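Work through the exercises below with the sequence and the model at hand, and try each task before reading its solution.

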Amino acid sequence: MQPTHNTLSQNVRVKSVELLNKHLAAAIDLHAQVKQAHRNVRGPAFIAVHELFDKVSTEVESYSDLIAERAVGLGGTTYGTIQVAVERSFLVPYPLGIADETQHIFAVSGNLAAFGQSLREVIDQATTFGDADTAGLFTKVSHGIDHQLWFVESHMAPKNEQNRSLSDSA
């Protein structure tokens, strides 16, 4: 740990930096996955989905920066290289070779949801060991990820009971 005037104990800062680095690796992975989808998507809604994935990747990249800056601000060192992200990311690897927009939407939304779920879990952890600011950062990122998930999932055809009954009566 680097010296800092941050008033959190070193023990709390070490725990926070560990959580931050775990999520930095996943955020870097998620950014690369969304860019993969952005570059390879094909289908009738190509331009809308292509532009959506570009916006989502930009948002995810900004979350990577916020996470990394908090870790360094606590006196930690970030581990934010591609090589480290590959080793440490907890996300499901992105399926290569797909082009269909529906498959990309499914893959991207699944990993956005997994990242968001993990963020909600570490909000509680950071709060429990006494780092409300890191918990607040994770809350901010979680909110943003949920927002991006909503945008992505909005490109999926709804499949609920009401829609099925309407299509069955037609």
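**Exercise 1: two helices and their lengths**

Compare the end-to-end reach of helix α2 (residues 46-73) with the span expected for its 28 residues.

Solution. Helices here are DSSP runs of H or I with at least four residues, numbered from the N terminus, and the expected span is 1.5 Å times one less than the number of residues. For α2 this gives 40 Å, and the first and last C-alpha atoms lie 41 Å apart, close to that value. Helix α4 (residues 101-128) also has 28 residues and should span 40 Å, which agrees with the 41 Å between its end C-alpha atoms. The model is predicted, with local features requiring pLDDT of at least 70 and side-chain atom pairs 80 or more, whereas totals for chains, interfaces and linings use all residues. Residues are numbered from 1 along each chain as its sequence is written, and side-chain values use heavy atoms, without hydrogens and water.

**Exercise 2: what follows each helix**

Which residue with positive phi follows α2, and which follows α4?

Solution. After α2 comes G75, with phi near 95°; after α4 comes G130, with phi near 100°.

**Exercise 3: the packing of α2 and α4**

Describe how α2 and α4 pack, beginning with the angle between them.

Solution. The angle is about 20° and the axes, which are lines fitted to C-alpha atoms over the stretch in contact, are 12 Å apart. That makes α2 roughly parallel to α4, a term for angles under 35 degrees. In contact (heavy atoms within 4.5 Å), residues of α2 including F46, F53 and I67 meet a set in α4 that includes E101, L112 and F115.

Key:
Helix = DSSP H or I, 4+ residues; strand = E, 2+ residues; numbered from the N terminus. Axes fitted to C-alpha atoms, helices over the stretch in contact; angles between N-to-C directions. Parallel < 35°, antiparallel > 145°, perpendicular 65-115°, else oblique.
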